[in-house]
Amino acid sequence: MWLLLRDARIRVIFFAQTIDAFGSGLSMFALAWFLRKENPALAGGILGAQGLGIFVGTIVLGAYLDRWDLRQTMVFANLISAGLVASLATLLALKAPSPLILLVAAAVGCISGLVQSALSASIPLLGGIEKTQQINALFNSTWQKGGLITPVLSGVLTATFGATMVLYFDAATFLVAAFAYATIRFPERTTDIATADQPQHSALRTWWHDVLTGYSYFVRQPLLWGTMVGVSCLNAGFASFFLFLPRVVDRLVADVPWLDRLGTDRGAVGFGFIDTVTVVFELMLSIYLTSHVLGKTNLSASRLTLVGVIAPLLGMIVIVHTKSLAVALLTAAIMGVTISFVSNVWPALFARVVPEELLGRVTSVRYAFGSIGGTITPWMSGLLLARQSVYTATTLVIGMLISLSLVGHVFASRSIIAPSR
């Protein structure tokens, strides 16, 4: 880990990601808790709008990632995110009309998808394919370290100051991240795609060509899209889980009076506390993976990714149904360990399969594909919660996602002819 941080570019990105992760973690939990007493369909709509924004943003803007300067992209995207998150906080405070809130939430997701796609596309350029898993684990650890304290801290701050103030703080962290990205220069690409793979056309035809190039490569690789089905289902599961958990957490913490010392709302604190346990164990394995490599072959990486999808999804069902906080915390720990397979092993597999000159475009496809479930399932979950118990809704939604993940893995595993590329 410390050897990687000797590179000044990696060190600055690590700092920017840490700040960004801290603010985003606070706002995510604050927003989820703020919406828990609202119409569940509206709450699901806001999460779904963000997922739709990621999907649209990665399609419309992600196609340019192999052409745009990555530093400028990261700077401007973070500045825009600061304005959008502040606007969302203002709209929530003013109780603005729901369509306007949904529109801004979609815009937040749109820019978020671009930022993450740009960062992921830059990782293989920073240290080469052989260091992709270690660098990815290092950057993921920033979100996990932020998640180590932000769930509980967000619960305390939300209970004390309100969710909108937490969102304003998140907006400020985007400004800090933008300044950090402005101080570095990302590695130059070895291939100039402006002349490598197409003649010059109009801006619209060039954009459409780049979109088709990324998507055509992705759909021709069952290993990619088959594995990505599972990753998308995991994202969808967590999007719905943040609707389910606030509705059962009061029962889990009913006999834990010491949580009252951390805030006026025991449920809000407990909500963050459960996720903190998940992040602790995810962080532990990510730190290990900064100096060790798992899933060295495509087949083993695909199988580890499947474990990292199925185990957390099963854990969500257990946490919602259990009446024991101890069982919930143990399950959260197991979820944390296995999630790390998805956040670290899967990106390394992706980098091995995708050529450097296509990384930006295919990465944008990866994020667009991964956001589909997070767009649909929150709406579905919100509608189910309006008509069914949280226990029935959880079992139906998560059970469907597990089934789809297994089907995707069958296609991915069948496509692997050689053990590694």
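Start by selecting Leu289, which sits in helix α11. Keep in mind as you go that this is a predicted model. Is Leu289 buried or exposed? Its relative accessible area is 0%, so Leu289 counts as buried. Now add Phe341 to the selection: Leu289 and Phe341 lie 52 residues apart in sequence, yet their C-alpha atoms are 9.5 Å apart in space.

Zoom out for a moment and show the whole chain as a cartoon. You'll find 15 helices and zero strands. Colour by burial and 59% of the 421 residues come up as buried. Contact ranges are worth a look too: of the contacts between residues at least 6 apart in sequence, 86% link residues at least 24 apart.

Next stop, the largest nonpolar core, which has 58 residues. Which of them touch the most other members? Pick Leu224, Phe238, Ile274, Leu313, Met316, Ile319 and Val354. Several helices feed this core with at least two residues each: α8 (203–219), α9 (222–244), α10 (249–252), α11 (266–289), α12, α13 (325–353), α14 (359–387) and α15. The largest share is that of α9, with 13 residues.

Stay with Leu224 and show what is around it. Skipping neighbours within four places in sequence, Leu224 makes contact with Tyr217, Phe218, Trp346, Phe350, Val353 and Val354. There is also a second, separate core of 34 residues, with Leu65, Ala82, Leu91 and Ala106 among its members.

Now isolate α9. Of its 23 residues, 20 are buried, so α9 is largely enclosed by the rest of the structure. If you like a quick geometry check, 1.5 Å a residue predicts a span of 33 Å for α9, and the end C-alpha atoms are 32 Å apart, which agrees.

Hide the rest and bring up α12 (residues 298–321) with α15 (residues 390–414). How do the two run relative to each other? Their axes come within 9 Å and cross at roughly 170 degrees; α12 and α15 are therefore roughly antiparallel. To see the contact, show side chains on both helices. On the α12 side, the residues include Leu299, Leu306, Ile310, Leu313, Ile317 and His321. On the α15 side, look for Val390, Tyr391, Ile398, Leu401, His409 and Ser413, among others. By class, this contact is made of 16 nonpolar, seven polar and one charged residues.

Keep α15 on screen. Its 25 residues should span 36 Å at 1.5 Å a residue, and the end C-alpha atoms are 37 Å apart, which agrees. Its buried residues are Val390, Ala393, Thr394, Val397, Ile398, Leu401, Ile402, Ser405, Gly408, His409 and Ala412.

Jump back along the chain to helix α6 (residues 163–182). The same ruler works here: 20 residues at 1.5 Å a residue should span 28 Å, and the end C-alpha atoms are 30 Å apart, which agrees. Buried residues of α6 include Ala163, Val166, Leu167, Asp170, Phe174 and Tyr181.

Last stop: Ile46, in helix α2 (residues 40–60). Ile46 has a relative accessible area of 3%, so Ile46 is buried. Select Ser98 as well and draw the C-alpha to C-alpha line: Ile46 and Ser98 are 8.9 Å apart in space, with their positions 52 residues apart in sequence.

How values were computed
Residues are numbered from 1 along each chain as its sequence is written. This is a predicted model: local features need pLDDT of at least 70, side-chain atom pairs count only at pLDDT 80 or more; totals for chains, interfaces and linings use all residues. Side-chain values use heavy atoms; hydrogens and water are left out. Axes are lines fitted to C-alpha atoms, for helices over the stretch in contact, and angles run from 0 to 180 degrees between N-to-C directions. Helices (H or I, at least four residues) and strands (E, at least two) are DSSP runs, numbered from the N terminus. Angles under 35 degrees count as roughly parallel, over 145 as roughly antiparallel, 65 to 115 as roughly perpendicular and the rest as oblique. Contact means heavy atoms within 4.5 Å. Ala, Val, Leu, Ile, Met, Phe, Trp, Tyr, Cys and Pro count as nonpolar, Asp, Glu, Lys and Arg as charged, and the others, Gly among them, as polar. The expected span of a helix is 1.5 Å times one less than its number of residues. Buried means under 20% relative accessible area, exposed over 50%, partly exposed in between (1.4 Å probe, protein chains only). A nonpolar core is a set of buried Ala, Val, Leu, Ile, Met, Phe, Trp, Tyr and Cys residues joined through side-chain atoms within 4.5 Å.
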